[in-house]
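Reader: Before we discuss any label attached to this model, I would like to look at it myself. Could you show it, and then justify the terms one at a time?

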Amino acid sequence: MRASQYLLATVKETPSDAETVSHQLMVRAGLIRKLATGLYTWLPMGLRVLRKVTDVIRDEMDKSGALEVSMPVVQPAELWLETGRWQAMGPELLRFTDRHERDFCLGPTHEEVITDLVRNEISSYRQLPINLYQIQTKFRDERRPRFGVMRAREFTMKDAYSFHMDQASLDETYQLMHRTYSAIFTRLGLDFRPVAADTGAIGGNASHEFHVLAESGEDEIVFSSGSDYAANMEMASGILPELAQDAQKRSRSEANTGDAHSIADLCETLGVEAQRCIKTLIVHGCDAQGDQSDELVALLLRGDQSLNEVKAQKLERVFSPLVLASDELIEAKLACKPGCLGPLTADQKAGKISYVYADKSVEALTNFVCGANKEATHWLDANWGEELRYDEVVDIRKVQEGDLSPDGQGTLAIKRGVEVGHIFQLGDKYSAALKASALDENGKSVVMTMGCYGIGVTRVVAACIEQNHDDHGIIWPENIAPFRLVIVQVDAHKSELVRDISEALYAKANTLGIEVLLDDRDKKTSPGVKFAESELIGIPHRLVISPRSLADGVIEYKRRGGADKELLATEAADALLEELAAASF
């Protein structure tokens, strides 16, 4: 490809609305252009990268035995009504009606459509298991689209769905997809971590997220220094280092703590450490149908720990999503403001708090400080016993850096990551709702069990940039760079030799199958601009042909991201091309 005939849509200024490095560089390097909020046009340079990422994903999915299909973006409401998600999805689901007043939506995901397909095409265990995938446009009407293509409303996704007769078959495919995803992200040259994750709105029995490590990532991921243990922050568990406890339990006493309502204020007022304090959070419970009730549930945590809301809202007696009780409701029921609440005595609990969950961090505490359940008062040297009790010990705290790994091997580290893939064991959530069943070996109709496996293809491109860049621009892994080689002509209008040698190298690169960009733009584009643009775009290899270097019998070579330039003899440049052509990814 010749630069003089290509759309090099680079810009010097950083877009004012671009918050992340990937968004800034994708615009500056001419990969994308914004059409409207959360909607982007992919320009030729960006589309080359996107297609290469897609090719790697498709190749590995095909190797796994998955079969590619293509489903409509527009989906009828009837399917979503069958699963109950027409309303449950909320405003992210873009709904509309056609000329016949029939309800449709733009697909944010395809569980309903694929299950409808399979219930009509699969009837026997002999046809299972089957794993169907597509690489296709999705639309989610995000409340706050941001970070460029990282959280856009329209995006490209690889989504796969597997169907099985039993859990053992699902487990086998799930592990195969785990290995396939690891192979995909390894081939893409990404530093990634698969982590145990919450199933969220998709539902199901188990899931793993795949995160590209990057400081700008939205998610916190937790992993052990001594084992393969890894989880996202919502699911992570850790063991607190053992806290030295007083051997002798002292008698409880009251202390006037004035307006010290926070743990920090309490520690300053009483001269105690936060790890010796207990904080009490009051949340709404749920009724037998799972609906929010005005029954109050107490959650107890050590003062230096934070609540993990995802863990808490999974507790049987806690309403989900988690709702903190209002100050007014707490005062009405407990006759105390929140800042002075503590573990309740049996008399205080009766009829006021339906259940008390204590985090593991408070179970072994002795002689601790906690609210006395009356204004401006806390207890000193409180201890668990007949008067102060909890109903159940649970894990509801956020892990912290330095916690011991739950498998006993190493300590936990926390890093930020960009989620690029997610695999789920869905169970029969969708197949049961849509009555997708098949006959087993005995002729009995069995509801199929499902798996779901997604990769945000456009997000992968952005995540790669977040992980691979410097002050000059993008540094692509070589197999997904838009071009592997750029040949830069300098003062070609002054030197026929520059033109001849660069054309010869360009022709040879093309013959060898190397994706090459010949920067043959005229003298109006300075050499400095050409160099800067090649680095901004992130082309891995650069050859510079100039009258000065040719006078010395050499050609300048530089690898993107490398510090030093090399001077190559012309024949060495030929050898370099052959080496690039022989490289495999």
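**Labels and their limits**

Reader: Why does Arg 560 count as buried?

Author: Arg 560 has a relative accessibility of 8%, and buried means under 20% relative accessible area, with exposed over 50% and partly exposed in between (1.4 Å probe, protein chains only). The value of 8% lies under that limit, so Arg 560 is called buried. The model is predicted, which is reflected in the filters: local features need pLDDT of at least 70 and side-chain atom pairs count only at pLDDT 80 or more, whereas totals for chains, interfaces and linings use all residues. Residues are numbered from 1 along each chain as its sequence is written, and side-chain values use heavy atoms, with hydrogens and water left out.

Reader: What makes the contact of Asp 470 with Arg 560 a salt bridge?

Author: The closest N and O atoms of Asp 470 and Arg 560 are 2.7 Å apart, and a salt bridge requires a side-chain nitrogen of Lys or Arg within 4 Å of a carboxyl oxygen of Asp or Glu. The distance of 2.7 Å satisfies this, and the pair therefore qualifies. Asp 470 sits in strand E24 (residues 469–470), while Arg 560 sits in the loop between strand E29 (554–559) and strand E30 (566–569), so that the bridge links parts of the chain 90 residues apart; helices (H or I, at least four residues) and strands (E, at least two) are DSSP runs numbered from the N terminus.

Reader: Why is Asp 470 called partly exposed?

Author: Asp 470 has a relative accessible area of 26%, which falls between the two limits already given, and therefore neither of the other labels applies.

Reader: How do you know that Lys 558 and Glu 535 form a salt bridge?

Author: Their closest N and O atoms are 3.4 Å apart, which is still within the cut-off for a salt bridge. Lys 558 lies in strand E29 and Glu 535 in helix H15 (residues 527–537), so the bridge ties together parts that are 23 residues apart in sequence. Both Lys 558 and Glu 535 are buried. Elsewhere, salt bridges with shared partners join Glu 142, Arg 146, Arg 151, Glu 218 and Arg 459 into one network.

Reader: How many salt bridges does a search of the whole structure find, and what supports the label for Arg 85 and Glu 112?

Author: The search of the whole structure finds 38 salt bridges. Between Arg 85 and Glu 112 the closest N and O atoms are 2.7 Å apart, and this pair links helix H4 (residues 85–88) with helix H5 (residues 111–121), 27 residues apart. Arg 85 counts as buried because its relative accessibility is 6%, and Glu 112 is buried because its relative accessible area is 0%.

Reader: What makes the pair of Tyr 181 and Phe 185 edge-to-face?

Author: The structure holds nine aromatic pairs. In the pair of Tyr 181 and Phe 185 the rings are 6.1 Å centre to centre, with 90° between the planes. Rings of Phe, Tyr and Trp (its six-membered ring) pair if their centres lie within 6.5 Å, and planes under 30 degrees apart count as stacked, over 60 as edge-to-face and the rest as tilted; the values of 6.1 Å and 90° therefore give an edge-to-face pair. Both residues lie in helix H6 (residues 167–187), four residues apart, about one turn of the helix. Tyr 181 is buried at 0% relative accessibility, and Phe 185 is buried with a relative accessible area of 0%.

Reader: Why is the pair of Tyr 181 and Phe 210 called tilted?

Author: Tyr 181 and Phe 210 are 5.3 Å centre to centre, with 55° between the planes, and since 55° is neither under 30 nor over 60 degrees, the pair is tilted. This pair links distant parts of the chain, with Tyr 181 in helix H6 and Phe 210 in strand E10 (residues 206–213), 29 residues apart. Phe 210 is buried, with a relative accessible area of 0%. Ring pairs link Tyr 181, Phe 185, Phe 192 and Phe 210 into a cluster.

Reader: What makes helix H13 mostly covered?

Author: Helix H13 (residues 457–467) has 10 of its 11 residues buried, among them Val 457, Arg 459, Cys 464 and Glu 466.

Reader: How many residues does the protein have, and what share counts as buried?

Author: Of the 585 residues of the protein, 52% count as buried, and the protein contains 17 helices and 30 strands.
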